[in-house]
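Dear colleague,

Please find the structure below for your consideration. My findings follow directly after it.

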Amino acid sequence: EGHLVRDPALLRHHAMAVVRSIANCDVSPHDGSGPQALLLGILFGADSHMPNMAVEDFLKTYSKAGITKAVQAEGLPEQATGKLMRAALMNHVGEGGHWVPDAAGFATA
């Protein structure tokens with residue numbers, strides 16, 4: 001009892017409306033879209049589109065224990081201070097590199 005629609009713009013509009021409705025990243029008791037958003041993030045490689053987080057302003061927010069774990073996860077030796085570990089991580093990633101901590105990414109979800 002439906003109608004066949006051959007309007008690509010209309011089909012695209014409604015398809016995007018469905019994707020937006022489930023991919024809003026809010027974990028809420030009302031819509032529960034968080035798991036769907038995580039799945040879409042994994043399927044479409046969202047981690048690779050996130051900004052590089054190996055920058056001084058972001059890494060300053062880490063505790064010494066946190067930056068130590070991040071450095072160790074990259075296979076780098078622990079340094080004496082948090083500042084040295086931040087510098088080591090930034091140098092390891094490089095200026096054009098890309099680093100996203102596991103907790104901020106979609107892949108580990």
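E56 counts as partly exposed, with a relative accessibility of 27%. Please note that the model is a predicted one.

The side chain of E56 meets that of R86 in a salt bridge, with an N to O distance of 3.1 Å. A search of the whole structure finds one salt bridge. E56 lies in helix α3 (residues 56-59) and R86 in helix α5, so the pair ties together parts that are 30 residues apart in sequence.

The two partners differ in their exposure to solvent probe: R86 has a relative accessible area of 15% and is therefore buried, since the cut-off for that class is under 20%, whereas E56, at 27%, counts as partly exposed. Leaving out residues up to four places away in sequence, R86 touches E56, L59, K60 and I67.

One of these contacts, I67, leads to the second topic, the nonpolar core. Which residues of the largest nonpolar core touch the most other members? They are I67, V71, L89 and W99, in a core of 15 residues. Two elements, α4 (64-73) and α5 (82-93), give two or more residues each to this core. As general background, nonpolar side chains in soluble globular proteins tend to be buried together.

For V71, the contacts beyond its neighbours within four places in sequence are L76, P77, M85 and L89. Among them, L89 is also one of the residues that touch the most other core members.

In short, helix α5 holds R86 of the salt bridge and also gives two or more residues to the largest nonpolar core.

With kind regards

Methods. Residues numbered from 1 in each chain as written. Predicted model: local features only at pLDDT ≥ 70, side-chain atom pairs only at ≥ 80, totals over all residues. Heavy atoms only, no water. Core = buried A, V, L, I, M, F, W, Y, C linked by side-chain atoms within 4.5 Å. Buried < 20%, exposed > 50% of the residue type's maximum accessible area, 1.4 Å probe, protein only. Helix = DSSP H or I, 4+ residues; strand = E, 2+ residues; numbered from the N terminus. Contact = heavy atoms within 4.5 Å. Salt bridge = Lys/Arg side-chain N within 4 Å of Asp/Glu carboxyl O.
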